[in-house]
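Morning, everyone. Please look at the structure while I talk. I will cover charged pairs, then a pocket.

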Amino acid sequence: MTHPADTHDLIRVAGARENNLKDVSVELPKRRLTVFTGVSGSGKSSLVFGTIAAESQRMINETYSSFVQGFMPTLARPEVDLLDGLTTAIIVDQERMGANPRSTVGTATDANAMLRILFSRLGEPRIGSPTAFSFNVPTRKASGVMSTEKAGGRVEKNVVKEAVYLGGMCARCEGLGNVSDIDLTALYDAEKSLNESAIKIPGYSMEGWYGRIFRGCGWFDPDKPLKKFTKKELNDLLYKEATKIKVEGINLTYLGLIPQMQKSMLSKDVEAMQPHIRAFVERAVTFQTCPECDGTRLSAEARSVKIAGKNIAELCAMQITDLADWLRKLKEPSVAPLLTGLQALLDAFADIGLGYLSLDRPAGTLSGGEAQRTKMIRHLGSSLTDVTYVFDEPTVGLHPHDIQRMNELLLQLRDKGNTVLVVEHKPETIAIADHVVDLGPGAGTGGGTICFEGTVAGLRKSKTVTGKHLDDRAALKDEVRSSTGSLEICKASTHNLQDVDVDIPLGVLCVVTGVAGSGKSSLIHGSVADREGVVVIDQSAIKGSRRSNPATYTGLLEPIRKAFAKANGVKPALFSANSEGACPGCNGAGVIFTELGVMATVESTCEECEGKRFQAAVLEYTFGGKNIAEVLAMPVSEALAFFSDGDAATPAAQKILERLEDVGLGYVNLGQPLTTLSGGERQRLKLATQMAEKGDIYVLDEPTTGLHLADVENLLGLLDRLVESGRSVIVIEHHQAVMAHADWIIDLGPGAGHDGGTVVFTGTPAELVAAKKKTLTGEHLAAYVGAT
């Protein structure tokens, strides 16, 4: 007889309506591997992340006290009638790891913490606790009277001559590994006075708070040109440490320009800055490796401690596979559990295909796929069972050779008694599923329903878009294009490249491939991206808030606003929901957020504008028979027809809409918030925007990310159109369909890290297939195209 506790073997979802889902109901088996598939934008992420995982996390948060919940992000309940049988969800997504410059692969995975303990126990000479080896902890010194409270209210006082708390941070670079040299002429114009806006740092306007502080502190004359400042006045302006002052009866803190810059700008990763601030920092600041610690971030004391002839900085700089081999030779019974734990952690890196990284690699430089696999590492050795693991395309950035290993890891998590939910497009991963849920049939408003649910064999026989394309295989081209010239790369040595000499043909579609970590991105981004006439479309996330949408991001709103303004004889600013035309009730957001203290923040549609975001008066102005809200509610394909001919013909808008249609975003609404777009949709939006740039050479970094099998065909058509228009296209890619369609292939390898970094093949796809036994890529491409 079955025990009642064993009957709860399903996750039930009924009436899910999040984003584009249309009352979706589904039952998912627990302790099995379920793959969700469907065209990009069909609602996979809305169901898995926005509904199942979101509700699981919200319910776990509710188990904490109100006090603790006050410090946590508030999560709204998903739009769903019933969710039953949920277990704790652990989300392993493709979000880049934080751009904090102090975070490295070692600090993000606890490997550094274990190494620090190892050095505090076994290192010679002995210098102190684990913090003595941490580049994020400074050395602090103190002297004076130390008081200790005793029983009966007595206080025992001891005079301490000097107490030293040893940290491992290099004092010169403050643990960042590089020092900055600031060009003062970029900070201010010495010919002008403060009132004449002498300060050139973004955000330092004399109209705002900074003006009030500079005028009210009384340390310098705001009408005197900076070149006439005394030494003390200039020092106060530039270097003065935080000082409390009172201006117009308000208590404020004055901080010199340079410490303020270091606090607000230089403590952040350059990549994460807003474009105008980044441009200023690149103009005003020169970064160079710290001469004192040689970029290791550690103090001389920390670097002086060694185990078996190696210090902690040298171990962190090693490739992880080499570090694991070094550790195996270390036999020390006193720290055996620690060595076993660290060994298992390092071996997990190799198992997951990241053995080519080093522990000192900044976390912000990892790609989306690498970041996702790094997050996976902490779950592989977990003792937790009956957990729901949710993965977002775990095969992103993986060579076909590495996908097999990833599949084994997913099955390993399932076999420990966990429920594994995977959003995926790759047939190799769909093939290992116990259960498949196919959403569609289309994208956006054309999707949001379940087209198929069952086994992989059943999916193959189904007539769904995924079922039809599951066994698609791109054939090798009968004829390849001839190059019109070549781009020479000589002695490339970025990262792991071993003095690579290679010629990249121009005027053709050239694919650069190789296993993850073989040096593809190092070759192209290090030797091609910075050249004149090169447009790079990489994997970096596009930034955008709830107020950003495809129309604002691509610049499409500009010609639309001007067309509306001209037709109605009013200002263009009226047709912006972020400017004068905004609804006063919701300030142009379309929704109103109600804070309910420790409870979840409630989001409701604005009653005044009914979610249209504009003032009622603005909606009376029309263009081509439609108001601005109606235009923004149109999908791209409908808007293209609208702006192409008739009274509403607008060539500037038509050109942008054609590019959006070209990259397969015809179904996306112009006013849809960027926050609701999937990862694949965002990348294609970026591709459409950057296609407008004038360039002779286009570099695309894994453009098939987030693309359904059916959409890959459209992408190949787009790449062909780019080449036929006279451009040269270089694609860094693992997808065999793109390799088969190429005119020329450059294969790097043979392995990853220091086992890669050389060119193992150059030639046509047909030649690579013929030489299948010679390279891993050749082997997998030959199997893909069915070559015997």
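Which residue forms a salt bridge with R361? The partner is E370, and the closest N and O atoms are 3.6 Å apart. Keep in mind that this is a predicted model.

Now look at how open each partner is. R361 has a relative accessible area of 25%, so it is partly exposed. E370 sits at 10% relative accessibility. The cut-off for buried is under 20%, so E370 counts as buried. This bridge joins a partly exposed arginine to a buried glutamate.

Some background on pairs like this one. Side chains of opposite charge can pair when their charged atoms come close.

Next pair. E282 and R278 form a salt bridge as well, with 3.1 Å between the closest N and O atoms. Where do these two sit in the chain? Both are in helix α8, which covers residues 275–284. They are four residues apart there, so about one helical turn separates them. E282 is partly exposed at 49% relative accessible area. R278 is partly exposed too, at 26%.

A third pair. The side chains of R17 and D23 meet in a salt bridge, at 3.5 Å from N to O. R17 has 32% relative accessibility, so R17 counts as partly exposed.

Salt bridges can also link up. Which residues make a network here? Find K477, R481, D720, E724 and D743 on your screen: salt bridges link them in a network. How many salt bridges does a search of the whole structure find? The count is 32.

On to the pocket. Rolling a probe the size of a water molecule over the atoms shows where empty space is left. I picked the second largest pocket, which holds about 350 Å³ of space. Four elements each give two or more residues to its lining: α15 (427–430), α25 (709–724), α26 (736–741) and α28 (776–785). Which of them gives the largest share? That is α25, with four residues.

In total, 18 residues line this second largest pocket. Those nearest its centre are D472, R473, A474, H735 and Y784. What is the lining made of, by class? There are nine nonpolar residues, seven charged ones and two polar ones.

To finish, go back to our opening pair. Find R361 and E370 once more, and check which partner is buried: E370, at 10%. Thanks, that's all from me.

Terms used: Residues numbered from 1 in each chain as written. Predicted model: local features only at pLDDT ≥ 70, side-chain atom pairs only at ≥ 80, totals over all residues. Heavy atoms only, no water. Salt bridge = Lys/Arg side-chain N within 4 Å of Asp/Glu carboxyl O. Buried < 20%, exposed > 50% of the residue type's maximum accessible area, 1.4 Å probe, protein only. 1 Å grid on protein atoms, 1.4 Å probe; cavity = no way out; pocket = protein on both sides within 12 Å on 5 of 7 lines; lining within 4 Å. Points joined across faces, edges and corners; volume = space filled by probe spheres on them. Nonpolar A, V, L, I, M, F, W, Y, C, P; charged D, E, K, R; others polar.
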